[in-house]
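Got your viewer open? Load the model below and keep the selection box handy.

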There are 2 protein chains.
Amino acid sequence: MTTIREVAKLAGVSVATVSRTLNNSGYVSESTRKRVEKAVKELNFYPNEVARSLFQKKSKLIGLLLPDITNPFFPAIAKGVEDGVNQRGYSLLLGNVEDDAEKESDYLKIFEQNNIAGVISAVQGSAAKLNNMPLVLLDRVNSHQEYAVHSDDYAGGKLAAQAVVERNPEKVVIMVGPKSVAGSAMRLAGSEKVLQESLVPYEVFQTASFQLNLAEETAERFFEQHPDVDSVIASNDVYALAVMKEAIKRGMNIPEDLQIIGYDDMPFSRMMYPGLSTIAQPAYQIGYQGAELLCNILEKGYAHENHIQLPVTLKLRESLRKKDLDE
Amino acid sequence: MTTIREVAKLAGVSVATVSRTLNNSGYVSESTRKRVEKAVKELNFYPNEVARSLFQKKSKLIGLLLPDITNPFFPAIAKGVEDGVNQRGYSLLLGNVEDDAEKESDYLKIFEQNNIAGVISAVQGSAAKLNNMPLVLLDRVNSHQEYAVHSDDYAGGKLAAQAVVERNPEKVVIMVGPKSVAGSAMRLAGSEKVLQESLVPYEVFQTASFQLNLAEETAERFFEQHPDVDSVIASNDVYALAVMKEAIKRGMNIPEDLQIIGYDDMPFSRMMYPGLSTIAQPAYQIGYQGAELLCNILEKGYAHENHIQLPVTLKLRESLRKKDLDE
DNA sequence: TTGAAAGCGATACCAG
DNA sequence: CTGGTATCGCTTTCAA
């Protein structure tokens, strides 16, 4: 590893001067700047970020907390975050915490130990625990005190229910995500409002988690408890898929016997058959804008808008029946 | 942030002693060790990894290079890697490089600047560029000089072709992944061997990339070039899915008109309908064992086996027809 | 068994 | 404009 010292020696200047040219800070005469740059190139020098970070008490690393990297919604977010932070010269420390509070605080500690510049988190409740590291929440929002990028869950819940209501539902069941997830409650509220106003009866099925590996057994339980369901509003696309698969296994036709709408629009939802109707969240955008928000906070110390809300959209595919009018 | 100095002061010892107790290095009397530990607890102290890393010229971070985080196969690997390195006290710096050589070397540079302990890479050719950072390759292997964990691509290719051959293929097309990916060639070789020995005619369709976002247009091109195909051996599950979807769009029945087998067995392949037959690679295991291999190298400086090969298995689902015998 | 002190590689203050 | 130097927090000789 070549250090600033060797550059200084080669250029015939002090390390202070090299540092100044590197960072465009303070005065450097044109001629010495040239000499330094030449030496830098010649030695193929680039500064050690660890040393920088030690002095500055702040690294160019950002911690990314994800609840479940195997749910394709989160890699989509992660990609947005990555592109966003890269653009501003940061890199990501990955923390996949799996709804495990202990793992989460372990990571938060590791982040601190590494002089992380800030945290972007898509997991619930990663709020108080961090000792004043700047934080941006994605998708899952707690209070209005914090910086967050999220989509309009209430509108999403309404949209989903609306789509079902327009399609001759007999027996509707809403699958609700874990209570601990703020967005779930908002979606449920939105859906319930529409169903109640339309006088469509419905039931609620609570899922314990959003974890991918629980989706299949949850789908089984779902049909045991609601054997006569004909329309489901699922908590996310993964669970919608599991329900669809289980329904087909039970000999039901989709969408004739069972229609279903998901949430998220993960990349695969449009690639399956029947195509999964869903409420699309702009996952990449959520990630990207979250990254920008955090970087602005890091650079300017604040941001004007602390809540960025992104729109959701209805994606109609084959898993919903035709509208009444169309029949 | 509380430092080792404050701990030393509170315990009434020198920082050297604190450091020694923290690391179990050198002599520390039982009584002072107690005092130090008490102080550590009282101040809730944990060492700054950046300072450590600066001195040791080696951090507790491992760089993870992935070709496409939106392909569910890689998050599955990533999860294995994460669990593996966490177990040994390391964390991950994420680099999603998207088949982009420049992005890859950017990340390699960032890794160096951060005194990374080692690199785990699932992208092709991340070999020479790194200045003697320990490297473990996943899934995609170059030469036999390097440390790598991968599955048996040749056997996988054979298995896939075998499954098709036994099921009355009329016109077989093999989709081959990018030439730059070593595994692709092995799989192709395996498949060709079986097809040739069975005297089943076939054609080869070359895909330019494994990227998720190109899957759909590739599927369209595929059918334009091979309108009469009835059996496809796809390069991976994502592309198999895209082909399935496109086939259904074109009014073909699966598996009657078109049967298909994928590769990878990503978590979703079993969740769709029809279920995708595929060659399963143990993604999580590949990641986990790769992590262990790297950690062993880091701690002991070497490892006995530099190539770990994991078995692949055939997963039969609805996307393949019944065997001839069964009909 | 313990402590003083010299770094690790970079930054930034203060003189000159 | 430039250079000397203290400093960031921790580890590790080397003496005591």
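Here's a short walk through the DNA contacts first, then the way the protein copies are arranged. Keep in mind that this is a predicted model.

**Stop 1: DNA strand C and what surrounds it**

Select DNA strand C and show the residues near it; there are 24 of them. A:Ile4, B:Thr17, B:Arg20, B:Thr32 and B:Lys57 are the ones that come nearest. Colour the set by residue type and you'll get 12 nonpolar, nine polar and three charged. Now flip to the DNA side: of the strand C atoms within 4 Å of the protein, 66% are sugar or phosphate atoms, and the rest belong to bases.

**Stop 2: the phosphate contacts**

Which side chain puts an N or O atom 2.7 Å from a phosphate oxygen of strand C? Zoom in on A:Arg52 to see that one. Hop over to chain B, where B:Ser29 uses a backbone N or O atom, 2.8 Å from a phosphate oxygen. B:Thr32 brings a polar side-chain atom to 3.1 Å from a phosphate oxygen of the strand.

Next, select helix H2 (15-23) and helix H4 (49-56) in chains A and B: these are the elements that each give two or more residues to the surface near strand C. H4(A) supplies the largest share, four residues.

**Stop 3: the two copies**

Hide the DNA and look at chains A and B. Turn chain A by 180 degrees, with 0.0 Å of shift along the axis, and it superposes on chain B with an RMSD of 0.1 Å. That's how a two-fold axis relates two copies. To find the axis, select A:Leu93: its C-alpha is 2.3 Å away, the closest approach of any chain A residue. Finally, show the interface: 100% of chain A's interface residues are also interface residues in chain B, so the copies meet through the same surface.

Definitions and conventions:
Residues numbered from 1 in each chain as written. Chains lettered and ligands numbered in written order. Predicted model: local features only at pLDDT ≥ 70, side-chain atom pairs only at ≥ 80, totals over all residues. Heavy atoms only, no water. Near = heavy atom within 4 Å. Polar contact = N/O pair within 3.5 Å; in protein donor to acceptor, adjacent residues only side chain to side chain. Nonpolar A, V, L, I, M, F, W, Y, C, P; charged D, E, K, R; others polar. Least-squares fit on C-alpha atoms with pLDDT ≥ 70 in both. Contact = heavy atoms within 4.5 Å.
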